[in-house]
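Here are my notes for your read-through. Please keep the model open beside them and check each point as you go.

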Amino acid sequence: GRDNGMDKAEQRGLLGLGAVGDVNGRLINQSGKHVGSEFDKRVIGSSYEQTMRRPRRLGAGGGMRKFEAIRAVLRGGCLTALVTDSEVAAKLVESP
């Protein structure tokens, strides 16, 4: 099966590179830094660098299964505003 345009083998490979989430379709590691890969060639839209130059970057995500990705985008300064649920928000306060 495919998830987010990737098959399971590609997902495992990207996890091996340290990918934990994405910003505008561009994969990031736990520090919020871009993880370059062949996947970038299939994404239609702004590059990671173009996205980061925007003065406002809103992110929305919730659920504890997304916690590591949400924390990574915040650690990397990838967002200027976040919409999330109270459970994720509380955990972010506990372990930034």
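1. Arg71 first. This is a predicted model, and in it Arg71 is buried, at a relative accessible area of 14%. The cut-off for buried is under 20%, so Arg71 qualifies despite its charge class. Please look at this side chain before the rest.

2. Arg71 has a charged partner. Its side chain meets that of Glu68 in a salt bridge, 2.9 Å from N to O. The two residues sit three apart in helix 3, which means about one helical turn separates them. In an α-helix there are 3.6 residues to a turn, so residues three or four places apart point the same way. Glu68 is partly exposed, with a relative accessible area of 40%. The pair therefore joins a buried residue to a partly exposed one.

3. Helix 3 itself. It covers residues 67-75. Its buried residues are Phe67, Ala69, Ile70, Arg71, Ala72 and Val73. What covers them? The cover includes strand 3 (21-23), strand 4 (26-28), strand 6 (81-83) and helix 4 (86-94). Just after the helix, Gly77 takes a positive phi of about 70°.

4. Helix 3 against helix 4. Two packed helices are described by the angle and the distance between their axes. Here the axes come within 11 Å and cross at roughly 55°. The two helices are therefore oblique to each other. Their crossing is right-handed. Helix 3 brings Phe67, Ile70, Arg71 and Leu74 to the contact, and helix 4 brings Val88, Lys91 and Leu92. By class, that makes five nonpolar, two charged and no polar residues. Arg71 thus appears both in the contact and in the salt bridge with Glu68.

5. Other salt bridges. How many does the structure hold? There are four. One of them joins the side chains of Arg42 and Glu10, at 2.8 Å from N to O. Arg42 lies in the loop between strand 4 and helix 2 (48-53), and Glu10 in helix 1 (residues 8-16), so the pair ties together parts 32 residues apart in sequence. Arg42 counts as partly exposed, at 42% relative accessibility. Another bridge links the side chains of Glu38 and Lys41, at 3.2 Å from N to O. Glu38 and Lys41 are both exposed.

6. Asn29. This residue lies in the loop between strand 4 and helix 2. Asn29 is partly exposed, with a relative accessible area of 22%. The buried class needs under 20%. Leaving out residues up to four places away in sequence, Asn29 touches Gly18, Val20, Val35 and Ala72. Ala72 is one of the buried residues of helix 3. Where is Asn29 relative to Arg42? The two are 13 residues apart in sequence and 19 Å apart in space, C-alpha to C-alpha.

7. Asn24. Please check the backbone here. Most residues other than glycine have a negative phi. Asn24 is not a glycine, yet its phi is positive, at about 55°. Asn24 is found in the loop between strand 3 and strand 4. Is Asn24 buried, exposed or partly exposed? At 44% relative accessibility, Asn24 counts as partly exposed.

How values were computed:
Residues numbered from 1 in each chain as written. Predicted model: local features only at pLDDT ≥ 70, side-chain atom pairs only at ≥ 80, totals over all residues. Heavy atoms only, no water. Buried < 20%, exposed > 50% of the residue type's maximum accessible area, 1.4 Å probe, protein only. Helix = DSSP H or I, 4+ residues; strand = E, 2+ residues; numbered from the N terminus. Contact = heavy atoms within 4.5 Å. Axes fitted to C-alpha atoms, helices over the stretch in contact; angles between N-to-C directions. Parallel < 35°, antiparallel > 145°, perpendicular 65-115°, else oblique. Left-handed = near helix turned anticlockwise from the far one by under 90°.
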